[in-house]
Amino acid sequence: MPSCLLMLPDKILLSLVILSPDHEPNSSEPFRTWSEIKIWDEPDVFKPERHLDEHDRDSMGVTLMEPDMRLVIFSTGRRGCAGTKIGASMTIMLLARLLQGFAWALPIGASQVELIAAKSNLFMAKPLLASAKPRLAPGLYPKIQI
Ligand code: HEM
């Protein structure tokens, strides 16, 4: 599970010391997010290609854990995620199943997708809503008993 969602506040502050050395520990300023780290050009702009391996831009390779902490999805170092490979594989498989199984569209009334990050936490400013319509034979969608 992406543990950043469950982190207690003091744990978040501990991470900040690493990510943002210029942050005043007792300041009332909201904590800084990845988008403020002075590593990327235009950090608030959606540019997923910035995560491709620098040495070989033609490859689709992405280094998920690296000491420079440019991509901190799985953290790094000795306490970094032990399940990076299975976590990445599961995420890709889940995305592939969602794309294969459903035709995706904007919800009724929406004119565009807004990928805007919240200012004070790691969530999106507004929930991402989408309409999913099954596109395969009905028997391929197992019913979950709750
Ligand atoms: C997309 C999926 C996942 C994400 C984003 C993710 C992310 C993370 C992060 C950020 C940490 C470090 C937390 C910290 O700094 O304290 C962590 C730790 C850890 N993760 Fe994951 N994780 C994922 C999936 C998994 C899976 C599938 C497994 C196991 C099969 C796993 C096993 C672990 C373990 C054992 C640790 C603790 C490592 C240690 O403290 O020595 N993770 N994960």
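1. Where does Gly 80 lie? In this predicted model, Gly 80 is placed in the loop between H1 and H2. With a relative accessible area of 17%, Gly 80 is buried, because buried means under 20% relative accessible area.

2. The surroundings of Gly 80 can be described further. Leaving aside neighbours within four places in sequence, Gly 80 is in contact with Met 65, Phe 74 and Ser 75. For one of these partners, Met 65, the separation from Gly 80 is 15 residues in sequence and 8.0 Å in space, C-alpha to C-alpha.

3. Ser 75, one of the residues in contact with Gly 80, deserves a separate remark on its backbone. Its phi is positive, about 60°, although Ser 75 is not a glycine. Most residues other than glycine have a negative phi. Ser 75 is also found in the loop between H1 and H2. Its relative accessible area is 33%, so Ser 75 counts as partly exposed, whereas Gly 80 is buried.

4. Which protein residue supplies a donor to the iron atom of the ligand? The single donor from the protein is the SG atom of Cys 81, 2.3 Å away from the iron. Cys 81 is located in the loop that runs between helix H1 (9-19) and helix H2 (84-101). The loop between H1 and H2 thus holds Cys 81, Gly 80 and Ser 75.

5. On internal space, the structure holds one cavity of 30 Å³ or more. The largest cavity contains about 60 Å³ of space. Its lining consists of Trp 40, Arg 50, His 51, Leu 52, Asp 53, Thr 63, Glu 66, Arg 70 and Leu 71. Classified by residue type, this lining has four charged, three nonpolar and two polar residues.

6. As to the overall fold, the protein has two helices and two strands. Read from the N terminus, the order of these elements is α-α-β-β. Among contacts with a separation of 6 or more, 33% are between residues 24 or more positions apart.

7. Finally, on burial and surface: the protein has 146 residues, of which 14% count as buried. Gly 80 is one of the residues that meet this description. The accessible surface of the protein comes to about 12,500 Å². Carbon and sulfur atoms account for 63% of that surface.

Technical notes: Residues numbered from 1 in each chain as written. Predicted model: local features only at pLDDT ≥ 70, side-chain atom pairs only at ≥ 80, totals over all residues. Heavy atoms only, no water. 1 Å grid on protein atoms, 1.4 Å probe; cavity = no way out; pocket = protein on both sides within 12 Å on 5 of 7 lines; lining within 4 Å. Points joined across faces, edges and corners; volume = space filled by probe spheres on them. Nonpolar A, V, L, I, M, F, W, Y, C, P; charged D, E, K, R; others polar. Donors = N, O, S within 2.8 Å, 3.2 Å for Na, K, Ca; no water. Helix = DSSP H or I, 4+ residues; strand = E, 2+ residues; numbered from the N terminus. Buried < 20%, exposed > 50% of the residue type's maximum accessible area, 1.4 Å probe, protein only. Contact = heavy atoms within 4.5 Å. Areas by Shrake-Rupley, 256 points an atom, 1.4 Å probe, with all protein chains shown as cover.
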